[in-house]
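Biologist: I'm new to this one, so please give me a close look at the salt bridges and at what surrounds the residues that make them. Take your time, and explain the terms as you go.

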Amino acid sequence: NLTAKFPTIVAAQTRIGMGKEPVDPDPHLGHAANYYYMLTGQVPDDTTLRTFESTLMLYAEHETNASTFACRVVTGTLSDFYSAVVAGIGAIKGPLHGGAIDDAMKMFIEIGSTDKASSYVDEALSAKQLLSGFGHRVYRAGDPRATELRGMAEALGMIVGERRWFDIAVACEQRMKETKGIIPNVDYYAAIVLYQLGFPLGLMTNVVASARIAGWSAHILEQYENN
């Protein structure tokens with residue numbers, strides 16, 4: 001039920017924020033296709049659908065991360081399912097968790113062009129500023145989800161005729177690798193993918209939550225079965 005409702009809310013919220021009317025779902029379309037359709041009013045082409053569907057799949061579940069742990073803690077008190085989900089939403093909103101995706105895209109927009117990427121990274125590191133989308137508490141050699149999203153971000157950029165964001169991201173990634181050896185995480189290239197699919201800043205984390213609801217639900221039900 002919530003897996004269906006989350007995208008409906010996020011797509012409607014996006015359109016209302018743009019001064020547009022919400023689009024009703026089409027019962028003939030699948031989950032990811034409907035999500036994109038309710039966002040843009042257009043049925044996605046094969047490449048767009050495959051890209052968006054893959055992004056939702058990559059975010060759907062990721063073991064006992066902060067938001068999933070929050071869901072389990074609330075479930076452990078034998079509170080209701082919806083209260084546990086609300087706890088997950090509160091946790092994923094944080095910039096050290098799902099909120100990093102919005103901040104990563106803000107960073108790319110602030111940089112503006114590839115020739116400014118290296119100096120931006122250097123100045124941020126000198127000021128001990130956190131660069132969103134880099135590093136992971138578990139993955140040290142590389143986030144396998146980021147690898148997939150990198151290729152999708154590049155392909156989507158070529159389709160929409162806007163490679164600038166991808167090129168900026170690659171330049172920043174290279175500079176971080178040279179100076180700190182820190183790798184991008186899932187949010188880094190996902191930010192570009194969602195931005196080019198039409199999701200504005202401030203709502204990308206909501207997309208992550210609308211994918212992760214599947215994983216949260218599985219953990220909540222497992223916790224109820226054996227508390």
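Modeller: Let's start with a term we'll lean on throughout: a residue is buried when its relative accessible area is under 20%, exposed when it is over 50%, and partly exposed in between, using a 1.4 Å probe and protein chains only. What you're looking at is a predicted model, so local features need pLDDT of at least 70 and side-chain atom pairs count only at pLDDT 80 or more, while totals for chains, interfaces and linings use all residues. Numbering runs from 1 along each chain as its sequence is written, and side-chain values use heavy atoms, with hydrogens and water left out.

Now the part you asked about. There are nine salt bridges in the structure, a salt bridge being a side-chain nitrogen of Lys or Arg within 4 Å of a carboxyl oxygen of Asp or Glu. As background, side chains with opposite charges can pair up when their charged atoms come close.

Begin with R72 and E222, whose side chains form a salt bridge at 2.3 Å, N to O. This pair ties together distant parts of the chain, 150 residues apart, with R72 sitting in helix α4 and E222 in helix α11. The helix names come from DSSP runs (H or I, at least four residues, or E, at least two, for strands), numbered from the N terminus. How buried or exposed are the two partners? R72 counts as buried, at 16% relative accessibility, while E222 counts as partly exposed at 45%.

R72 has company in its helix: the buried residues of α4 are S67, T68, A70, C71, R72 and T75. The cover over them includes α5 and α11, and α11 is also the helix that holds E222. C71, right beside R72 in that list, has a relative accessible area of 0%, which is why it counts as buried. C172 is buried too, with a relative accessible area of 1%. If those cysteines make you wonder about disulfides, a disulfide here is a pair of cysteine sulfur atoms within 2.5 Å, and by that rule the count is zero.

What lies on either side of α4 in the sequence? Just after the helix, L78 takes a positive phi of about 65°, even though L78 is not a glycine. You'll find L78 in the loop between α4 and α5, and at a relative accessible area of 61% this leucine is exposed. On the other side, E63 is in the loop between α3 (46-60) and α4 (66-76). E63 is another residue other than glycine with a positive phi, near 55°, and its relative accessible area of 62% makes E63 exposed.

Next, move along to D122 and R175, whose side chains meet in a salt bridge at 2.9 Å, N to O. Here too distant parts of the chain are linked: D122 belongs to helix α7 (residues 117-126) and R175 to helix α9 (residues 164-179), 53 residues apart. Both ends fall in the partly exposed class, with D122 at a relative accessible area of 27% and R175 at 23%. The pair isn't on its own, either, as D122, R175 and E178 are linked in a network of salt bridges.

Helix α9 turns up again in another pair. E173 and R150 bring their side chains together in a salt bridge at 3.4 Å, N to O. E173 is in helix α9 and R150 in helix α8 (residues 144-160), so this is a link between distant parts of the chain, 23 residues apart. E173 is buried, with a relative accessible area of 12%, whereas R150 is partly exposed at 30%.

For contrast, try a residue from the start of the chain. T14 lies in helix α1 (residues 2-17), and with a relative accessible area of 1% it counts as buried. What is T14 in contact with, once neighbours within four places in sequence are left aside? The list is L39, G198, F199, P200 and L203, where contact means heavy atoms within 4.5 Å.

To pull the salt-bridge part together: R72 in α4 reaches E222 in α11, D122 in α7 reaches R175 in α9, and E173 in α9 reaches R150 in α8.
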